[in-house]
Each structure stands twice: as structure tokens, then as C-alpha cells.
Amino acid sequence: MLKSIAVMTSGGDSPGMNACARAVVRTALYEGVDVWGIRSGYHGLLEEDMFKMERKDVSDIIQRGGTFLGTARCKRWKTPEGRRLGYENLKKRGIEGLVVIGGDGSLRGASLLSKETGMPIVGLPGTIDNDVWGMDYTIGCDTAANTIVDAINKLRDTASAHRRVIVLEVMGRQCGWLALVSGISGGAEYILIPEEEYDLDEICKDMAEAYKKGKRYILMVVAEGAGSGTEIGKYVAEKTKLDTRVSVLGHIQRGGSPSVIDRVRASQLGEKAALAIISGMSDIVFGFAKGHVVAIDLHDAVNNKKKIDPDYMHLAKVLF
């Protein structure tokens, strides 16, 4: 049984990271295990920006978005020398295991640390993109999707008033889950994602025909990986001659108080991770699949590409 562990958040922030870290800390302390917090992700680990945590350090954070531990990109972590330094910084404080809350890149860095040093690692999927292989939920994706749907609801009002085409660009450079789920939930007429090809000329023809038949407005949700919302909006306006506006939602998708789902599930995953690392387990990522907590091999999670649920893609076509 491990006596001292550390927890960190890394990569892009996501709502629910605080709830998750809180659960890791309080579960470990409940089990009589020391917990260290690492500020600013792998950068903080290399800079030795760490502190020993108590229960009060995670008070009043479950409702907050972002991450109280902070996060940062770290190029040095991509080198074996950087990871060796991080390992040495952990060992000099007697830290025996590490819990990493982050997305694909962060978990990949954790996987390399485990392979090279033997440091016990447990990962938790903190990313709004919901793109970690082996699970259908990642921490923050629910809140982000709800933020997008709220934007769609507001954009529909002004689109209807002016008979406009609204192109909404959302996050999702390699995975279109956010665009797909929010587009379905918001009743968008068109959803463009990087996983599926589309014909913009055909879409423009359909739009023009729909307006001739009395259509009052059209909503198109575009994942950033499927193309630039600005460029697509410009093309649509030129091709259809319809009044077209573009809205790029940007980093507002990352913020905000986490939803009930993200608070509860992040807390569940945090507890599982703490108990697992304390018991000596390593090289696993905890996530949710079909409503249940699942343990995925860490190396499998980072070396496989998650695919979009075909049922969602079919539903989007049916409801168009």
C-alpha cells in the first residue's frame, strides 16, 4: 500500500477537474495517505511547484470551473530528460504514485513516465472533447455541450428574427463529439465534423431551396477540425446570397460551473483513482462506459483513436 501520492491537472482545463481533484485528495486522506498537489501540470512538476495538501485545500471548489491546481503546456516533458527530472522531483519528496487528470496528450505523457521509470500512474480523462479511447464520457464534456446548446438557443432567436443562416464554430480539432451532440440537442440543420466528409456546394443548394419554400432560418454547427467557421460562413453567403452570420464560440466552452453530471462523475472517478493508486495499481485510466465506471489500460487509451458513435451520426441525418 502506497503512503504518499500526488495529483495534478494537465492540458486544457475542463469543468469538473476541481471536483475530481477534490475527490482524489479527500479519499487519500480518508485512507491515511499523504497527498501532494502539483501546480501548473508537468511544468510545475519540473519546477518543483508542489505542496502537501490537507482537506481544507480542496474546500469550496466543487462548484468552480477551471482547475485550482492550474495547468500549462510543457515542451520539456516531451523529452526523456525532462521526464527523468520530474520523476526525481517526485521521489525526493517520498511520492510513490501519481494521479494525472487530463486529455490525450497529458495521458500520453503519463504513459511515457510510467514506461521509463516504473512510477505508478493512474489517469483520469479530463477533456471537453470526449475523445479518450475506451469510454463514452470524459470530465467536462457534459458542461461544454450544455454551454454550446445554450448558445444555439440564443442564436436561434436572432436567426429567426432576421431570417439568417447562422454558422457556429465549436471546439473539436480531431473529434466532432461536441459539435455532433450539441447540434442534435440544439436542432441544428447541418453538423460538420472532421470524421465525416461533406459537400458544401450541395449544402448551399439545399439551403437556397429551403428558403424558397419558406424556411425562416438555418443553424449550422461546425467542429473546428472540419473547417473554419468564418471561411465556411463566407462561402455560404457568396454561394446562396442568404444573410449569413458566423459565431466562433471559443474558450467560453471550457469555462463555467460544472453540471451535476460532471460533478458527480468526476467525484466518482477521483475516488476510484485514489483507491487504485494507493493499492499499488498502475497504468490504467478510469472512465465511464454505458453508465458504469470502467478501467482502461493506459497505453491502450493513448495509442488507439476513439471513433464517433455511428448511432449519433445516423440520428443527426434522420432528424435533419
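**Entry 1: Leu 192 and the β7-β8 pairing**

I looked up the bridge partner of Leu 192 and found Val 222, which lies in β8. The model I am reading is a predicted one. I then followed the two strands as a pair: β7 and β8, the latter covering residues 218-223, run parallel and are joined over three bridges.

I next placed this pair in its sheet. The sheet is open and has four strands in the order β7-β8-β6-β9, with parallel pairing. At its edges I noted β7 (190-192) and β9 (244-248), each of which pairs on one side only. I also recorded the twist: neighbouring strands of this sheet are turned by 15° against each other on average, direction ignored. As a general reminder, I noted that strands of a sheet pair through backbone hydrogen bonds, in either a parallel or an antiparallel manner.

**Entry 2: Helices across the sheet**

I asked which strands helix α5 lies across. Helix α5 (residues 141-162) lies across β6 (165-170), β8 and β9, and I recorded an angle of about 165° to β6. For helix α6 (residues 177-186), I found that the strands crossed are β6, β7 and β8, with an angle of about 165° to β8.

**Entry 3: Strand β10 and its partners**

I turned to strand β10, residues 284-289, and asked how many of its six residues are buried. The count is five, and the strand is thus recorded as mostly covered.

I looked up two pairings of β10. Strand β5 (residues 121-125) pairs with β10 in the parallel sense over two bridges, and here Gly 123 has Val 285 of β10 as its bridge partner. Strand β11 (residues 292-297) runs antiparallel to β10, and six bridges join the two. Within that pairing I noted Phe 286 opposite Ala 295 of β11.

β10 and β11 form a hairpin with two residues between them. I recorded a positive phi of about 55° for Lys 290, which sits in the turn.

**Entry 4: Further positive phi values**

I noted two residues with positive phi that are not glycine. Lys 241 has a phi of about 65°. I located Lys 241 in the loop between α8 (229-240) and β9. I asked whether Lys 241 is buried or exposed. Its relative accessibility is 66%, so Lys 241 counts as exposed, the cut-off being over 50%.

Asp 283 has a positive phi of about 60°. I found Asp 283 in the loop between α9 (260-278) and β10.

**Entry 5: Salt bridges**

I recorded a count of 16 salt bridges. As general background, side chains of opposite charge can pair when their charged atoms come close. I examined several of these contacts individually.

Lys 52 and Asp 34 meet through their side chains at 3.4 Å, N to O. Lys 52 lies in strand β3 (residues 50-52) and Asp 34 in strand β2 (residues 34-38), so this salt bridge ties together parts that are 18 residues apart in sequence. I checked the exposure of both partners: Lys 52 is partly exposed at a relative accessible area of 47%, and Asp 34 is partly exposed at 33%.

Lys 317 forms a salt bridge with Glu 196, with 2.7 Å between the closest N and O atoms. I asked where in the chain the two partners lie. Lys 317 is in helix α11 and Glu 196 is in the loop between β7 and α7 (200-212); the pair links distant parts of the chain, 121 residues apart. Glu 196 has a relative accessible area of 30% and is partly exposed.

Arg 245 forms a salt bridge with Asp 243, and I recorded 2.6 Å between the closest N and O atoms. Arg 245 is partly exposed, at 38% relative accessible area. Asp 243 is also partly exposed, at 31%. I noted in addition one network, in which salt bridges that share partners join Glu 48, Lys 92 and Arg 93.

**Entry 6: A nonpolar surface patch**

I asked which residues form a nonpolar patch on the surface. They are Leu 315, Val 318 and Leu 319, with about 270 Å² of accessible area together. I placed Leu 319 in the segment after α11 (310-318). Leu 319 has a relative accessible area of 55%, and I entered this residue as exposed because the cut-off is over 50%.

Note on methods: Residues are numbered from 1 along each chain as its sequence is written. This is a predicted model: local features need pLDDT of at least 70, side-chain atom pairs count only at pLDDT 80 or more; totals for chains, interfaces and linings use all residues. Side-chain values use heavy atoms; hydrogens and water are left out. Two strands pair if DSSP finds at least two bridges between them. Axes are lines fitted to C-alpha atoms, for helices over the stretch in contact, and angles run from 0 to 180 degrees between N-to-C directions. Contact means heavy atoms within 4.5 Å. Patches are made of residues with over 30% relative accessible area and no salt bridge: like charges are joined within 9 Å, nonpolar side chains (Val, Leu, Ile, Met, Phe, Trp, Tyr) within 5 Å. Accessible areas come from the Shrake-Rupley method with a 1.4 Å probe; for residues, only the protein chains shown count as cover. A salt bridge is a side-chain nitrogen of Lys or Arg within 4 Å of a carboxyl oxygen of Asp or Glu. Buried means under 20% relative accessible area, exposed over 50%, partly exposed in between (1.4 Å probe, protein chains only).
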